[in-house]
Amino acid sequence: MQHVGQRVRLGGWVHRRRDLGGILFIDLRDRAGLVQVAIGPGAPDEVRRVAAGLGSETVIEIEGDVTARPASMKNPELATGDVEVQATRLAVLGAAVTPPIPVARGKGEELPAEELRLKYRHLDLRRPEMQGNLLLRHRLLQRARRTLADLEFLEIETPILTKPTPEGARDYLVPSRVHPGEFYALPQSPQIYKQLLMVAGFDRYFQIARCFRDEDLRNDRQPEFTQIDLEASFVGVEDVIGYVEQVLVALWDEAGHTVARPFPRLTWRDAMERYGTDKPDLRFGLVIGDWTAQVKALGVPFFQPALKDGARIRGLAVKGGAALSRKDVDQLADAAKQLGGAGLAWVKRQGEQISGSVGKHFTPEVLGALGVADGDAALMTVGPDRVTSPVLDRVRQEVIRRLAPAPHAAHAFCWVVDFPLFEPDPETGRPVFAHHPFTAPHPDDVARLDTDPFACRALHYDAVYDGNELGSGSIRITDPAVQRRVFAHLGMTPGEVEARFGFLLSGLQAGAPPHGGFAIGFDRVVMALAGADSMRDVIAFPKTTAARALFEGAPSPANPADLAALHIEVKR
């Protein structure tokens with residue numbers, strides 16, 4: 001209302017036009033929002049004529065006087081809903097054809113299909129929801145920069161054209177024109193460069209880093225993505241966790257949320273035991289239990305064939321689970337089988353009545369010992385942990401989705417620590433790195449590195465929020481001899497090690513301080529804080545799940561002359 005009586009000049013897009021006969025209204029939109037422009041009987045004839053022919057999304061400029069709306073016409077849903085502009089001049093700056101997808105939507109009107117929105121991304125980005133997401137992204141980036149700068153981190157760029165390194169996904173390769181048959185790789189992360197910056201004496205580094213991974217896509221994954229990358233020298237696990245917590249708390253504060261630190265911690269073993277996953281959602285209870293001793297004694301035929309070679313009976317005591325329908329339980333059992341499990345046994349307790357697929361074997365006393373009270377249900381499976389953990393993780397998530405219990409907290413951060421250093425390759429059984437090969441083994445486990453590598457823990461830590469991994473980090477190997485031993489466990493010959501990582505080992509031999517770091521998945525952070533269902537809703541020009549850029553039509557065939565200059569022949 002402070003602008004009432006002022007004369008203004010505004011430019012923007014025609015969001016909506018409403019002709020009420022004697023008066024015409026235009027909702028004028030720019031990135032700041034909407035304002036209503038009124039063109040009444042007293043407006044110049046030329047203004048009325050031009051306004052009558054305006055199409056949706058036309059760019060216009062108007063001049064006029066700000067007036068208060070009548071009380072009956074105020075719109076509390078708009079920041080400018082108490083005022084309107086009485087136009088005295090109107091000019092068309094950019095005429096628009098009829099848009100193939102709508103920008104303005106009525107209440108309850110569904111969005112066009114996502115592929116159509118990605119094809120016409122310049123229009124989709126005009127939607128207030130998308131503009132709000134990208135404005136939030138901008139604010140979060142600036143807050144991250146300020147927070148890390150205040151912590152005396154230096155922002156340093158590292159190369160985009162680099163050398164292939166093992167980061168757990170395929171590299172995007174870039175052919176060299178001047179070096180026939182040789183290739184750069186786009187970085188999966190700045191990992192080795194930031195370690196070398198520590199060797200060079202820049203003891204606190206950060207970067208808003210663009211990273212590239214040629215891997216299958218999901219809603220929370222893109223082939224190119226942004227991470228808040230940091231590294232520090234003369235630090236241990238506690239120091240790095242402290243830095244990252246300060247950044248995350250600042251980002252949530254920027255989005256209007258108060259988060260307390262320190263975050264709770266779980267070891268990797270505890271997370272897998274209690275939740276079946278290394279990224280548990282702690283907003284809810286529903287902890288997995290080991291029920292082998294209690295249930296094995298009942299002689300349930302469903303469990304007996306699988307109880308061998310270290311298999312266990314594990315289950316969930318679901319509060320209010322008696323409300324699950326038979327269809328719900330059957331679908332949960334199907335999900336368990338799809339993940340390689342034996343299926344799902346279930347029991348419902350309603351008063352003294354016990355029902356379910358194995359209900360006849362259970363008594364109220366046994367169920368009580370399992371934590372299953374009146375109105376609850378027990379969902380169980382059997383097998384080795386590598387099978388039952390993902391099955392019960394999936395079942396737990398589905399139960400939460402179907403029963404919609406009240407969360408214990410609005411924001412559930414946690415740290416998962418003490419990951420294994422190696423894990424067995426599912427085909428060969430040989431060690432492969434659990435995260436990346438530059439992670440330091442736990443000091444208490446270094447002696448077992450050669451004799452029992454799978455028993456070695458890593459100085460690795462993940463930040464988890466509401467069941468989503470926000471980022472990973474570790475303390476790095478600084479002893480070249482230990483780094484060579486890790487490479488050897490991964491099956492690399494000394495020649496391969498020198499060819500691929502000789503520059504890193506050379507740097508470590510020059511005197512490397514203890515150092516460690518972290519990478520926050522920035523797109524995931526924005527997705528969480530914007531309440532978006534897909535990462536594509538918080539990136540200006542994302543790729544589809546088929547790794548295609550529909551707006552510009554990439555990837556596309558290359559010009560034969562360009563291929564020849566790069567010494568490349570395409571075989572079809």
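1. Which residues point one way from strand 22, and which point the other way? His-515, Gly-517, Ala-519 and Gly-521 point one way, while Gly-516, Phe-518 and Ile-520 point the other way. On both sides the residues are buried, where buried means under 20% relative accessible area, exposed over 50%, and partly exposed in between (1.4 Å probe, protein chains only). Strand 22 is thus described as mostly covered, with seven of its seven residues buried.

2. A word on the basis of these statements. This is a predicted model, in which local features need pLDDT of at least 70 and side-chain atom pairs count only at pLDDT 80 or more, while totals for chains, interfaces and linings use all residues. Residues are numbered from 1 along each chain as its sequence is written, and side-chain values use heavy atoms, with hydrogens and water left out.

3. The protein chain has 572 residues, of which 46% count as buried. There are 15 helices and 22 strands in the chain; helices (H or I, at least four residues) and strands (E, at least two) are DSSP runs, numbered from the N terminus. Taken along the principal axes, the C-alpha atoms fill a box of roughly 90 × 75 × 55 Å.

4. Contact means heavy atoms within 4.5 Å. Among contacts in the protein chain with a separation of 6 or more, 67% come from residues 24 or more positions apart.

5. Strand 22 belongs to an open sheet of eight strands, in the order 6-9-10-22-21-20-17-11, with mixed pairing. Strand 6 (154-155) and strand 11 (265-267) stand at the edges with a single partner strand each, so one side of each is left without a neighbour in the sheet. Two strands pair if DSSP finds at least two bridges between them.

6. The neighbours of strand 22 can be followed bridge by bridge. Strand 10 pairs with strand 22 in the antiparallel sense over seven bridges, and Asp-229 has Ala-519 of strand 22 as its bridge partner. Strand 21 (residues 468-475) also pairs with strand 22 in the antiparallel sense, over five bridges; here Ile-475 stands opposite Gly-516.

7. Further along the sheet, strand 9 and strand 10 run antiparallel and are joined by nine bridges. Phe-212 stands opposite Glu-224 in strand 10. Helix 5 packs on the sheet, touching strand 9, strand 10 and strand 22, and its direction makes about 20 degrees with that of strand 10. Axes are lines fitted to C-alpha atoms, for helices over the stretch in contact, and angles run from 0 to 180 degrees between N-to-C directions.

8. Which residues of helix 5 (residues 191-199) are buried? They are Gln-191, Ile-192, Lys-194, Gln-195, Leu-197 and Met-198. The buried residues of this helix pack against strand 9 (204-212), strand 10 (224-233), helix 13 (494-509) and strand 22 (515-521). Just after helix 5, Gly-201 takes a positive phi of about 100 degrees.

9. Helix 6 (residues 237-254) lies across strand 9, strand 10, strand 11, strand 17 (413-417), strand 20 (460-465), strand 21 and strand 22. Helix 6 runs at about 25 degrees to strand 22.

10. Is Asp-270 buried, exposed or partly exposed? Asp-270, in helix 7 (residues 268-275), is partly exposed because its relative accessible area is 37%. The C-alpha atoms of Asp-270 and Val-372 are separated by 22 Å, and the two residues are 102 residues apart along the chain.
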